[in-house]
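I sat down with this one today and kept a few notes as I went. Here they are, in the order I looked things up.

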Amino acid sequence: MGEENGKTIEIDIDDVSDTLLPRPWPVSKPRTREELYSPWVKDPRDPEGKYGEFIEENISWEKAEGKPWALDGLLVLDCTIWGMAGAFAGSYLAELGATVIKIEPLDGDPQRHLYPFGREEYAFEDIYTGEKVSPTFIHEQRNKYSITLNLETEEGRELFKKLAAQADIVLENYPPGTFDEWGIGYRQLSKINPRLIYAWFGQLGQWGSMKDRTSKYGQWMLDPVGICCSEFVHSTGFPADLLPREQGGNPTRSGEWVGDVVAGVHGTIAILAALYYRENVSNRGQFIEATASECYMDICDFNVAWYGFDGSIKARTGGWDPNLNQYAWNPCKDGYLMIGGQTDRLWYRILQVIAQEDPEGARLIAEDPFLKEMAARNALEGLIKTYTITAQWLAHNTRAEGERKMVSREVAAAPVLFIDEIAEYEHFVYRRHVTEVYDEHYGKVFASNSPLAHQHRTPARIKWLGRPLGLDNGEIFARYLGIGPMELKKLALEGVVKWYRE
Amino acid sequence: MVESWSFNPPFDRNPETGEDLDKIPFEEYCRKVFDPSKTFEKPEALKGWRHVSSTMYILSPHVGATLAEYGAEVIKVEMPRLGDPMRHTSPFNEAYLWPETDHRPLTGTGFGFLHANVNKYFVTLDYHADEAKELYYDLIRISDSMAECYRPGTFFRWGIGYPQLKEVNPRLIYIWLGGFGNYGPRRYGGSYDILGQACGGLAAITGWHEDFGGHPAKHTNWIIDWYAGLTGLIGILAAAHYRKKTGEGTFIDLSQISCSTRATGYSFPLYGRFGVVRQRWGNWDTLLSVHGIIMAGKTDDPEHPNPQISVESRYVMVSAFQDEDFKELCYLIGRPDLWEKYSSFKERVKPEAQIEIYRALEEWASDKSRSEVVEAINNAGLIAVPVMSAKDIYDAEHFWERGTIRWVDDPLFGEVLTQNWHVKLSETPPRTKWVWRPIGSDNIRIYHELMGYSMSKLKELWEKGVI
């Protein structure tokens, strides 16, 4: 059941196909600001409601519209295809207001046609042309202009050089040396435009004994190659003594291309640091290289250092964390509940909650002298003992009950949520962690919002989603290269560009 | 002219040999401009930037640590005696570095503290004390940015929230990092990395599907802390770009759960349009096939005393999703029938096809060791890499020549192996100088030498327990 345009609509669920129907969003409306306002006032943590009011007035998502853009005026050429790292960097810059032009080969970025499980029925169609595109592409290529340019032709490269002469940032992820060979690598472009910041993204690197390579048929290396070579996969997943090897007791990759996400974010920071240096010190750009394996290794805790310390290799621990107690998700009545509380104050509060229903179990760990010291609790026996009792308590609680009981004692707890549950979770709806975007070409699309959307001055925003191939040819070629429709048509005949709606 | 290893574009010659850098092969060129041994001969990107880090755990300290790697002066403020709880955190309570300090003299500081606190200066301050407010204002007045992670409104109550600090220093970039953000019905809920993974969406799509008997798997590291901290840093650097034009600072309210949601790829568009709730899909890929991890029958060193090497190091990532690659792979494993059956790209990504193909691959690999599998596939001109453990990383020449891992000669703790030079920048590479310092070790350096407080005043504050 839900509401749309003020009307209540009901969905009968008779068989599986009914569950696949899209629902109106959100099914249950979150409380409004007014409804939440009285708790602000009464809250002992904010007695006069001043802080809450300040935040609601200045930071909240609703107030973002019309605010200025942080990176207004920057020109970014995003030449990345296939991989997600450069795409991520480009969309972060675009969400913050840079002008990002996605330069694609004539048949488009292959990402446009990567459908989940190859099912073309999950394609989004351009309202005007019926052109199909994958949900991955429209989600990750937000706020970018799309043009086509055949960099394999001499003429295409000349046009690219003219664009690069005016650009601030170039992003690319072609196999090492491809752009250099084409005469449009950093060596050549930096002579045309010394202020250019040029970032290359990849899995393992442009140089070194294990650098990125293609197969003999030209297939690229893509995520998860990087995270496999970063120690992450080796220590993620359940150990074989908790689950059989064929049933999840394996090293496990992330569900998303997370190495690319991290390389994209790390690369963006490097680009912005280089920009700061250019603007304030050197007036010159530089060459940047961000790889999924190294960027992920950087954030992989102390795992490499631990090997250096005493030769330890981190083993898999499933939903537990070997460093903190409590800090894990364990199965409960209807899924999994995550509970975290390491310091004495929080650790004993968790036990107080458990003691309400399982006094013997709670006593068993509360009175264990071995578990009294915060750091000592991290030993493996400590983890096993604590989680055994906690999981016993969880078996009698649903996610919602467990969460409510724990949060009432200010313990950090949250359910493992499925995608549809995240879309409905009141707090996330209120803050628009996921949001509906009304796109000119695809209609209403559901998308995850930028984490930088809540800011006082320059919040990040989604303007549009990944555009149809070559939509902005006319605009971009005229604006930056002075090429009008007649000449563009000629270039199209020569195979240098491709018309939108051809 | 002073010869520099900083490869400014007009200089296209090697300053040491006069070699023309335009003429050398591309890989050679990269080796020269990114040479890790020249790191400390190059300038720092954020020199002169000052950042105050009123932070705990990983999420918010990592903002400061990354700024410090790029050359900013980062001052970490901890509560006197208590310190950051991450100092107590160590894998299975095993790995500690021993400092000369009165803070936990029996154990030292745990490895959990590593890497989110590199290159920082450590001071102590008890925010509850009356004197603390003025002192903090003085610190903020000379700083560019600050990060904090206390529950919403706590700093405001202490008189050092954003509404107050922006009056003290209008250029200040103030970032709050946490789980649920500063507004919304559940704003006071505490958060950790694992909470972000759990309810942000990453957990829902990572691990093995129930149909295969699996559970959602936690990303081994505190990814939603580290990666959300980096996302926040993007906000800070972008705000600094804006500040250059307007002189205005900003406040960023960063929710780490939202970062987890942002990293779920096509999940939300798919749900919103088609009502399909994306599930876990183990070690395979939902967009490409073959593009997943398979198990080999043996490890390379079955006699090794560490089971992580003798038993666990037996997985290989195989990638052959384009038509020719997949065909070659099918012939390599002696199953040309699979190529006949799944010669279309779309057909072989289907779940049933993936189950059949990966099963055939594992069957083929069942009598081979990890390196035999990798070699066989690579020799056929296709792509395969081993799933590497920390030992494999340590043994890989690649990461040493690129400077990714390095023994840092720490002034206090001696040699510490650390992952180091994550992103390569030709002109201003980030760098690690020291791994961490004991709590309060820079009180004099910051309060006296930088801010000019007299030693007698510091003694007074120390006696009152403020620092």
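**Domains of chain A**

I started with the spacing of the domains: the C-alpha centres of domain 1 and domain 2 of chain A are 43 Å apart. Keep in mind that this is a predicted model. I then checked the bounds and found that domain 1 of chain A takes in 75–298 + 484–493, while domain 2 covers 327–416.

**The nonpolar core**

Next I asked which residues touch the most other members of the largest nonpolar core. In this core of 282 residues, they are Ala199(A), Ile288(A), Met338(A), Tyr227(B) and Val316(B). I also looked up which helix gives the core its largest share: helix H7 (residues 223–246) of chain B, with 14 residues.

I stayed with Ala199(A) for a moment. Beyond its neighbours within four places in sequence, I found Ala199(A) in contact with residues including Ala89(A), Ile169(A), Leu171(A) and Gly267(A). Ile288(A) is among the contacts of Ala199(A) too.

**A sheet in chain B**

Then I turned to an open sheet of 3 strands in chain B, and I read its order as S9-S10-S11, with antiparallel pairing. Its edge strands are S9 (291–295) and S11 (383–386), each paired on one side only. From one strand to the next I noted an average twist of 25°.

I followed the pairing of S9(B) with S10 (residues 315–319) of chain B, which is antiparallel over 5 bridges. There, Met295(B) stands opposite Tyr315(B).

Last, I looked at the helices on this sheet. Helix H14 (residues 351–365) of chain B lies across S9 and S10 of chain B, at about 40° to S9(B). Helix H15 (residues 370–379) of chain B touches S10 and S11, and its direction makes about 160° with that of S11(B).

Note on methods:
Residues are numbered from 1 along each chain as its sequence is written. Chains are lettered from A and ligands numbered from 1 in the order in which they are written. This is a predicted model: local features need pLDDT of at least 70, side-chain atom pairs count only at pLDDT 80 or more; totals for chains, interfaces and linings use all residues. Domain bounds come from an automatic or database domain assignment. A nonpolar core is a set of buried Ala, Val, Leu, Ile, Met, Phe, Trp, Tyr and Cys residues joined through C-beta atoms within 7 Å. A residue is buried if 20 or more other C-beta atoms lie within 10 Å of its own, exposed if 12 or fewer, and partly exposed in between; C-beta atoms are placed from the backbone. Helices (H or I, at least four residues) and strands (E, at least two) are DSSP runs, numbered from the N terminus. Two residues are in contact if their C-beta atoms, placed from the backbone, lie within 7 Å. Two strands pair if DSSP finds at least two bridges between them. Axes are lines fitted to C-alpha atoms, for helices over the stretch in contact, and angles run from 0 to 180 degrees between N-to-C directions.
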